[in-house]
Amino acid sequence: MEKIPLRPPLLKGERGGFNKFMFFILILSIFLLPSTAHAYLDPGTGSMILQIVVGSVLAAVYTVKVYWQKIKAFFRKKDPS
Amino acid sequence: MLVLDPFDSSSTSTESLRVNSSFRDDAGYVVKENGVIYRVITDKGRDDFEAFMSSGLYDVLASRGLLVSHEEIVGAPLHGKGAASSARTGDPVGAPLGAPSPHKILKPVQIPFISYPYEWSFSQFKDAALLTLDVHREALKKNMSLKDASFFNVQFIGSKPIFIDTLSFEKREDKPWVAYRQFCQHFLAPLALMSQVDLGLNRHLQAHIDGFPLPLVSKLLPFKSKMRAGLMMHLVMHAKSQQKFENKKEIKQATSQKMNLAFNLTRQLALIDSLESTVRGLKIPSVKTEWIDYADSNNNYELESKNFKKEFIEKVLDAGVVKTLWDLGGNTGFFSRLGSNRKIYSVCFDGDQLCVDANYQQAKKEGDAFMLPLVTDLANPTPAIGWNNTERMSLTQRGRADLVMALALIHHLRITANVPLAKIAEFLAACGRKLIIEFVPKTDSMVARLLTHREDVFHDYTVQHFEQVFGAVWSKMHKEKIPGSERTLYFFES
């Protein structure tokens, strides 16, 4: 299967705005990581950073989803059937 | 609940043995005494365990059937001289070297047969993943957190998955999920590969005992699978993030400094929700395998002979001494159900993923607590793996069953896999004490098919030689010819 490029290929030396932004977020998030390290299970630095990076987006989606379910439940209750 | 004791001989049954897979967590360890599993909690595990109990989480998980329930061993003497009894008295002898001193001993509900993720069908794997997320969500609600999302912490009691590690919980803090990487490697990655690449790929977990490395999964997944939001985030980006940061010294130093970020409860719940919908979105691919229509297709299982076999098996089962049954090459479990319906714990092995999955789906629908379908290649059965090759048991180490059934199997072992009859007898004797086996002669149409394109070098494959070889292993033999076929059904015992 042929791969479809998501955006035009970068020129030599060009970093790309999206990449720069993500890199900035990732680097920033390193300094916001919690300190306690688990001796028993290695959580993995990359895994911790990823959670922090995607955490707020997931939380927003989740919040909308929960409210949407509440709204649906509200109207279902009003339905006489 | 009955236990299949891998250390079956009575000489070892009075001593307790620390279970070989139990040495990583200093909060506790597992011992086996007189064939019964106990969990010892050390002083290191005390706080989290007491928080787990007092938070009400244990009650919720046990009452919902998500976690094995347990009783605390208080005062009751354990007879052995091993770890469980020494732990109870505070004597460090028998405890793992350097282990913290014991706090409590639990006797959990016993698991009749230990199975491994590389033996599960797709739906079993998926249910085990959803169970793990469910357990973690319940924990968060009680201000606790699941610290260990290993696939080895899930077992099946019949068709029902259950979490077995009572010590996998800690107090919740506002920080990222410590077991996120583990969950992705142990559950999401294998499920994605099974669903998107090939159903049999979980078998390769025998080589990757800590789950599939995410960069490997990233390489194997097709482009269009990577474009699914959940897989993109939790596998592809996750792998990239690992590769980017894992080996950079300065980042490790940076993370070890005092820093704080509130990864609050909402984010933690959102993460589970995202993982759950990603798992739910993975479906079993619509493929046809060689054996899935076997039971209904046009072969020698005409109704008459099927009923004959059924009655033959029922006679053996109704004699009442069989408590555990292994059905080797059991397809979708038609004959295993004769056992599970009689409350005989029946493990039905087949090499075909779809057959095992169909069997599991049916058992699940019926709420069958005595039927455990598993995938294994009998020509190359599950090996013992892990540290020192003793952490996870081989197939035969988990025997012996009271009864083994090998119906319409021997010609595949002798001809397809090219294993001599004497070696087949040796393997079957290692699996079980009694044996029901169907002999399928060369004149049978199915065997003729196997021989179509190969030279017949199987000169020992005759009914006389079969009886001679198997008769040497088991002292008693009872046989009946299956009507309407060339086949014979045998019951062997000693």
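This briefing covers a surface patch on chain A, a helix of chain B, and one lysine of chain B. The model is predicted. In chain A, Trp68(A), Ile71(A), Phe74(A) and Phe75(A) make up a nonpolar surface patch. In chain B, helix α1 has the buried residues Phe49(B), Ala51(B) and Phe52(B).

**Nonpolar patch on chain A**

- Together, Trp68(A), Ile71(A), Phe74(A) and Phe75(A) have about 460 Å² of accessible area.
- Phe74(A), one of these residues, sits in helix α2 of chain A, which spans residues 45–78.
- Phe74(A) counts as partly exposed because its relative accessibility is 45%, and partly exposed residues fall between the limits of 20% and 50%.

**Helix α1 of chain B**

- Helix α1(B) runs over residues 46–54, and Phe49(B), Ala51(B) and Phe52(B) are buried in it.
- These buried residues lie on the same side of α1(B), because they cover an arc of only 160 degrees around the axis.
- An α-helix has 3.6 residues a turn, so residues three or four places apart point the same way.
- The exposed residues Asp47(B) and Ser54(B) are on the face of α1(B) turned away from the buried side.
- Packing against the buried residues of α1(B) are the chain B strands β3 (36–42), β4 (70–72), β5 (102–108), β6 (144–146) and β9 (169–171), along with helix α2 (57–63).
- Gly56(B), just after α1(B), takes a positive phi of about 90 degrees.

**Lys365(B)**

- Lys365(B) is part of helix α13 of chain B, residues 353–365.
- With 75% relative accessibility, Lys365(B) counts as exposed.
- Lys365(B) and Val19(B) are 346 residues apart along the chain, and 33 Å separates their C-alpha atoms.

Methods:
Residues numbered from 1 in each chain as written. Chains lettered and ligands numbered in written order. Predicted model: local features only at pLDDT ≥ 70, side-chain atom pairs only at ≥ 80, totals over all residues. Heavy atoms only, no water. Patch = residues over 30% accessible without salt bridge, like charges linked within 9 Å, V, L, I, M, F, W, Y side chains within 5 Å. Areas by Shrake-Rupley, 256 points an atom, 1.4 Å probe, with all protein chains shown as cover. Salt bridge = Lys/Arg side-chain N within 4 Å of Asp/Glu carboxyl O. Helix = DSSP H or I, 4+ residues; strand = E, 2+ residues; numbered from the N terminus. Buried < 20%, exposed > 50% of the residue type's maximum accessible area, 1.4 Å probe, protein only. Arc of directions from axis to C-beta. Contact = heavy atoms within 4.5 Å.
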